[in-house]
There are 2 protein chains.
Amino acid sequence: MPNCDHEEEHAFAAARAKMNMPKEEEIASLATAFKAISEPSRLKILFALRQGEMCVYHITEAVGSTQSAVSHQLRILRDNHIIKARRDGQNVVYSLADAHVMAVLSLACEHLNCQF
Amino acid sequence: MPNCDHEEEHAFAAARAKMNMPKEEEIASLATAFKAISEPSRLKILFALRQGEMCVYHITEAVGSTQSAVSHQLRILRDNHIIKARRDGQNVVYSLADAHVMAVLSLACEHLNCQF
DNA sequence: CTATTATATGAACACTTATTCATATACTAA
DNA sequence: TTAGTATATGAATAAGTGTTCATATAATAG
């Protein structure tokens with residue numbers, strides 16, 4: 001046990017923390033969602049889609065990668081409901097799933113003092 | 001080149017995306033920051049610190065891990081300015097760096113429809 | 001000083017994951 | 001159906017990362 005000036009308050013905070021800790025399952029979901037947006041290749045896709053919906057070819061162009069790599073990343077983003085897809089003829093058109101996505105990115109940019 | 005109903009708009013969106021794409025450096029910073037909060041072990045620490053500042057011992061208790069593992073994770077969170085530290089005698093007391101952190105977590109929980 | 005407590009960290013191993021290559025599926029046109 | 005275009009995906013390899021173990025540093029007490 002520690003012995004600092006605030007030992008008692010910390011112990012209470014720890015007890016509250018244990019009591020209010022989200023379930024493993026919720027923690028895991030959150031972690032997976034954040035992991036989905038924590039790769040440069042995927043962030044680029046999100047910043048690209050901020051300009052509007054696009055099909056895979058144009059996303060590939062916008063982010064400067066290969067069709068295969070982009071498709072793999074699109075799948076991860078879609079599985080995590082970060083983006084959504086709809087088919088249009090031979091193409092599949094992707095767009096951001098909802099307003100939360102850019103809101104989170106904006107907050108993070110604010111946190112880092114970088115404007116975009 | 002694709003050939004869907006919206007080819008032209010997508011091409012324009014792709015052009016805008018290229019023009020407005022954040023620099024590699026900014027993308028990397030964002031990715032690193034999100035990566036910092038995308039592990040269950042680190043998320044637990046953040047949810048623990050939501051209850052107030054705590055020293056390492058109590059954080060370890062609150063999240064149910066080992067001192068070494070927690071220390072390694074605290075370092076990652078601190079390096080990314082997600083949490084801050086101050087020494088108090090033999091102890092080091094950790095707390096959330098700023099309001100952005102919980103704001104991002106709240107948004108994400110909202111996105112996942114999980115209350116915490 | 002020495003002993004003890006609290007925290008930090010380097011190295012190693014296990015595990016995850018991003019990209020590439022090849023190929024498969026989905027759709028359209030003829 | 002066949003040919004061509006757009007997208008998806010399995011396998012493999014390479015790079016990254018979390019935990020553990022052992023040990024180091026920091027602060028305090030005596």
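In this predicted model, the two copies meet through the same surface, because 100% of the interface residues of chain B are also interface residues in chain A. Chain B drops onto chain A with a rotation of 180° and 0.0 Å of shift along the axis, at an RMSD of 0.1 Å. That is just the relation of a two-fold axis.

As for the contact itself, 64 residues come from chain B and 64 residues from chain A. Together the chains bury about 5,700 Å², with 68% of that area on carbon and sulfur atoms. On the chain B side, B:Phe34, B:Gln51 and B:His111 supply 12% of the area buried against chain A, more than any other three residues.

Phe34 turns up again in the aromatic search, which picks out one pair over all chains. The partners are A:Phe34 and B:Phe34, and their rings are stacked, sitting 6.2 Å apart centre to centre with 20° between the planes. Each lies in helix H2 (residues 24–36) of its own chain, so the pair joins two chains. Both A:Phe34 and B:Phe34 are buried.

Then there is the polar side of things. Four salt bridges are counted between chain B and chain A. In one such bridge, A:Lys44 pairs with B:Glu24, with 2.7 Å between the closest N and O atoms. Eight residue pairs are in polar contact across the interface, both residues being at pLDDT 80 or more. Several elements of chain B each bring at least two residues to the side that touches chain A, among them helix H1 (7–20), helix H3 (40–49) and strand E2 (83–88). H6(B) gives the most to that side, with 10 residues.

Note on methods
Residues are numbered from 1 along each chain as its sequence is written. Chains are lettered from A and ligands numbered from 1 in the order in which they are written. This is a predicted model: local features need pLDDT of at least 70, side-chain atom pairs count only at pLDDT 80 or more; totals for chains, interfaces and linings use all residues. Side-chain values use heavy atoms; hydrogens and water are left out. Copies are superposed by least squares on the C-alpha atoms of residues with pLDDT of at least 70 in both. Contact means heavy atoms within 4.5 Å. Rings of Phe, Tyr and Trp (its six-membered ring) pair if their centres lie within 6.5 Å; planes under 30 degrees apart count as stacked, over 60 as edge-to-face and the rest as tilted. Helices (H or I, at least four residues) and strands (E, at least two) are DSSP runs, numbered from the N terminus. Buried means under 20% relative accessible area, exposed over 50%, partly exposed in between (1.4 Å probe, protein chains only). Buried area is the accessible area (1.4 Å probe) that two parts lose on being put together, summed over both. A salt bridge is a side-chain nitrogen of Lys or Arg within 4 Å of a carboxyl oxygen of Asp or Glu. A polar contact is a pair of N or O atoms within 3.5 Å; within protein, one must be able to donate a hydrogen and the other to accept it, and residues adjacent in sequence count only if both atoms are side-chain atoms.
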